[in-house]
Amino acid sequence: MRENEGVTSATRQPETPAAAIPPRLIATDLDGTLLRDDKSVSPRTVAALAAAEEAGIEVFFVTGRPARWMDVVSDHVHGHGLAICGNGAAVVDLHGGPGSHRFVKVRELAKENAIDAVGLLRDAAPGTVYAIEQTYGFHQEPDYPKLHMEIPDHLASAEELLAPGGVAADEPVLKILAFHPTMDPDAFLTLSRLAIGDRASVTRSSPSALLEISGPDVSKASTLALCCAERGISHEEVVAFGDMPNDVEMLTWAGRSYAMGNAHPDVIAAASGRTVANNDDGVAVVIEQLLAER
């Protein structure tokens, strides 16, 4: 199922004091948040996730990663087995294990919007190079750096890849990756949002000047809101964790939210609370406290 509808509640602040409402769902980012810097899930965190599920609290992994990079947590899914990938562009069932993930929901970036975004950003930030993330394919321009541990399926300009009849034509585009070799990451993000406007959503999760461009109104928050609505879970009943700008909307929307000790300043400003750094098991620390409150 492909969806691009907006979710008007996805940027709403909680109206009710969050601490008075027992959580029903934990939404956590992965890199820089749940995962340590070596990309492992610590034994303490594994135990905390299992304890939350045992207590009847659903756990959703909400990440910018594509489905094929979810092996790091595939062994730690419980119950529903769902994850939100690509910054909200897809909901994926991880139960099949590595290489057998099933797409439950896809909120694609329309090809015409993708082409417009590429052109607008080329004009605003000369020197930008692109890669294209699809449900299964990954393509990039020849000058796009080796930022990912994988070999692209095709090398060509973004316009060629996205053109009618191009290699990206028959498969949904989840996001466009845009890299600039010299710009400051936050300045690049601000510039791109001004240049692209409502043609697409733009965010970032990398320490480098690497942007992630998704469909209009697609974000971790809006897709999480859809998943919660399907379960009858209100935003006040959600506890969220994150560390980078692509987590800001989710942290603003959730009833309780925590910026990691290693978080970007915008994330600290958006969250209702703070925890210790990812390498110190900050997510587990909070989950243990939540369970003790019950």
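Let's start with a pair of strands: β10 and β11 run antiparallel to each other, joined over three bridges. One of the residue pairs here is Val202 with Ile213, the latter sitting in β11 as the bridge partner. Keep in mind as you look around that this is a predicted model.

Now widen the view. β10 and β11 close off one end of an open sheet of six strands, ordered β8-β7-β6-β9-β11-β10, and the pairing in that sheet is mixed. β8 (154-155) and β10 (201-203) have a single partner strand each, so they are the edges, with one side of each lacking a neighbour in the sheet. Two helices are worth picking out against these strands. Helix α4 (residues 111-124) packs on the sheet and touches β6 (129-134), β9 and β11, with its direction at about 10° to that of β9. Helix α6 (residues 185-196) lies across β9, β10 and β11, and it runs at about 175° to β10.

There is another sheet to find. This one is also open and mixed in its pairing, but eight strands make it up, in the order β5-β4-β3-β2-β1-β12-β13-β14. Its edge strands, β5 (102-106) and β14 (273-274), each pair on one side only. At the β5 end, β4 (residues 90-93) is the neighbour, and the two pair in the antiparallel sense over four bridges. Look for Asp93 there: its bridge partner is Arg102 in β5. Helix α2 (residues 43-54) packs on this sheet, where it touches β1 (25-28) and β2 (58-62), and its direction makes about 130° with that of β2.

With both sheets in view, turn to the largest pocket, which holds about 630 Å³ of space. Its lining counts 30 residues, and Asp31, Lys39, Trp69, Ser205 and Ser206 are the closest to the centre. Which elements each supply at least two residues of that lining? They are α1 (30-34), β9 (173-179) and β11 (210-214). By class, the lining breaks down into 13 charged, nine polar and eight nonpolar residues.

Finally, a word on how far to trust what you see. Mean pLDDT for the protein is 90, and 89% of the residues reach 70 or more. Residues 1-18 are another matter: pLDDT stays under 50 throughout, although the model has 44 contacts beyond four places in sequence for that stretch. Where pLDDT is low, predicted coordinates shouldn't be read in detail.

Methods: Residues are numbered from 1 along each chain as its sequence is written. This is a predicted model: local features need pLDDT of at least 70, side-chain atom pairs count only at pLDDT 80 or more; totals for chains, interfaces and linings use all residues. Side-chain values use heavy atoms; hydrogens and water are left out. On a 1 Å grid over the protein atoms alone, a cavity is a set of points where a 1.4 Å probe fits but cannot get out, and a pocket is an open set with protein on both sides within 12 Å along at least five of seven lines; lining residues have an atom within 4 Å of a point. Grid points are joined across faces, edges and corners, and a volume is the space filled by probe spheres set on the points. Ala, Val, Leu, Ile, Met, Phe, Trp, Tyr, Cys and Pro count as nonpolar, Asp, Glu, Lys and Arg as charged, and the others, Gly among them, as polar. Two strands pair if DSSP finds at least two bridges between them. Contact means heavy atoms within 4.5 Å. Axes are lines fitted to C-alpha atoms, for helices over the stretch in contact, and angles run from 0 to 180 degrees between N-to-C directions. pLDDT is the predictor's confidence in each residue, from 0 to 100.
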